[in-house]
Amino acid sequence: MILQCFAALQCSIVPHHPTVRLVHPKIISPTPSSSTITRRGALSAALISTTFTLILTLTPPSKSAIAEFSELPNSGGVKALELRLGDGEVPAAGDQVAVHYYGRLAAKQGWRFDSTYDHKDENGEPIPFVFVIGSGKVISGIETAVKSMKVGGVRRVVIPPSQGYQNTSQEPVPPNFFDRQRLFTTIFNPTRLANGEGSTLGTLVFDIELVSLRRK
């Protein structure tokens, strides 16, 4: 059911502009159907009603988004939606890759906990996230998604808890203390885990753009 809330996309083509701008999620509040709906049930309904607005600018226009999620092979359940097909190289083990991303937490109604576009250099330019394929430092779901992309591609991935954060040291880590604390206290909440909610608490949604790679 989680996939349904991320599959609704509104795409508009803006000519003569080579970048992709990913807009914050728009949350649509649910309408309770009866007095028996619990607070958690209401939050789940809100999650299913969540829609993300994506403004894509593509060059050339023929490389349009393919609006269908599919499970990546040997990914442990990671599902991907191709938003823009790249035309560059595909990373291999040992390559250093640079990506831009928006990271969202499904259990918090698509709350955006981090974005590379918020990480700026001294000139105000966004700083991409850099890591080495096969290093084991990033969460498995991101590495799986990136290593089958082409440079220039943009992909939305839904990452199940088993392929997401297994501990608080895995990257990418939100630099903001309060965002980091909220993220990890939600994913690793002992009470909710004991209640059997582990299959949903750590579900992540990342919009990833593969900016560049460097062969080792």
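These exercises walk through a predicted model, each with a worked solution.

**Exercise 1. The main core**

Task: Find which residues of the largest nonpolar core touch the most other members, and which strand gives the largest share.

Solution.
- Step 1. Start with the membership: the largest nonpolar core holds 30 residues.
- Step 2. Pick out the residues that touch the most other members: Phe131, Val146, Tyr165, Leu204, Phe206 and Ile208.
- Step 3. Trace the core back to the elements of the chain. At least two residues each come from β6 (96-105), β7 (111-115), β8 (129-132), α3 (140-146), β9 (154-159), α4 (177-187) and β10 (204-214).
- Step 4. Name the top supplier: β10 gives the largest share, five residues.
- Step 5. Set this against a general tendency. In soluble globular proteins, nonpolar side chains tend to be buried together.

**Exercise 2. Around tyrosine 165, and a second core**

Task: List the contacts of tyrosine 165, leaving aside neighbours within four places in sequence. Then name residues of the second core.

Solution.
- Step 1. Set aside the sequence neighbours within four places of tyrosine 165.
- Step 2. Read off the contacts that remain for tyrosine 165: Phe113, Ile139, Gln170, Glu171, Pro172, Leu183, Phe184, Ile187, Phe188, Leu204 and Phe206.
- Step 3. Turn to the separate second core. This core has six residues, including Phe69, Leu81, Val154 and Val205.

**Exercise 3. Glycine 76 in its loop**

Task: Place glycine 76 in the chain, classify its exposure and find its contacts.

Solution.
- Step 1. Locate glycine 76: it sits in the loop between β4 (70-71) and β5 (79-84).
- Step 2. Check the relative accessible area. Glycine 76 has 45%, so it is partly exposed.
- Step 3. Look beyond four places in sequence. There, glycine 76 contacts Pro160, Ser162 and Gln163.
- Step 4. Compare sequence and space. Glycine 76 and serine 140 are 64 residues apart along the chain, while their C-alpha atoms are separated by 9.0 Å.

**Exercise 4. A buried aspartate**

Task: Decide whether aspartate 207 is buried or exposed, and find a polar partner for its side chain.

Solution.
- Step 1. Place aspartate 207: it belongs to strand β10.
- Step 2. Apply the cut-off: buried means under 20% relative accessible area. Aspartate 207 has 1%, so it is buried.
- Step 3. Follow the side chain. Aspartate 207 and arginine 156 are joined by a polar contact of 2.6 Å between their side chains.

**Exercise 5. Salt bridges**

Task: Count the salt bridges. Then examine the pairs of glutamate 71, arginine 84 and aspartate 95.

Solution.
- Step 1. Count: there are nine salt bridges.
- Step 2. Take glutamate 71. Its side chain meets that of lysine 79 at 3.6 Å, N to O. Glutamate 71 is partly exposed at 47%, and lysine 79 is partly exposed at 25%.
- Step 3. Take arginine 84. It pairs with glutamate 209, the closest N and O atoms being 3.0 Å apart. Strand β5 carries arginine 84 and strand β10 carries glutamate 209, 125 residues apart. Arginine 84 is buried at 10%; glutamate 209 is buried at 15%.
- Step 4. Take aspartate 95. It bridges to arginine 215, with the closest N and O atoms 2.3 Å apart. Aspartate 95 lies in the loop between β5 and β6, arginine 215 in the segment after β10, 120 residues apart. Aspartate 95 is buried at 4%, whereas arginine 215 is partly exposed at 40%.
- Step 5. Extend the last pair. Shared partners join Glu89, Asp95 and Arg215 into one salt-bridge network.

Key
Residues numbered from 1 in each chain as written. Predicted model: local features only at pLDDT ≥ 70, side-chain atom pairs only at ≥ 80, totals over all residues. Heavy atoms only, no water. Core = buried A, V, L, I, M, F, W, Y, C linked by side-chain atoms within 4.5 Å. Buried < 20%, exposed > 50% of the residue type's maximum accessible area, 1.4 Å probe, protein only. Helix = DSSP H or I, 4+ residues; strand = E, 2+ residues; numbered from the N terminus. Contact = heavy atoms within 4.5 Å. Polar contact = N/O pair within 3.5 Å; in protein donor to acceptor, adjacent residues only side chain to side chain. Salt bridge = Lys/Arg side-chain N within 4 Å of Asp/Glu carboxyl O.
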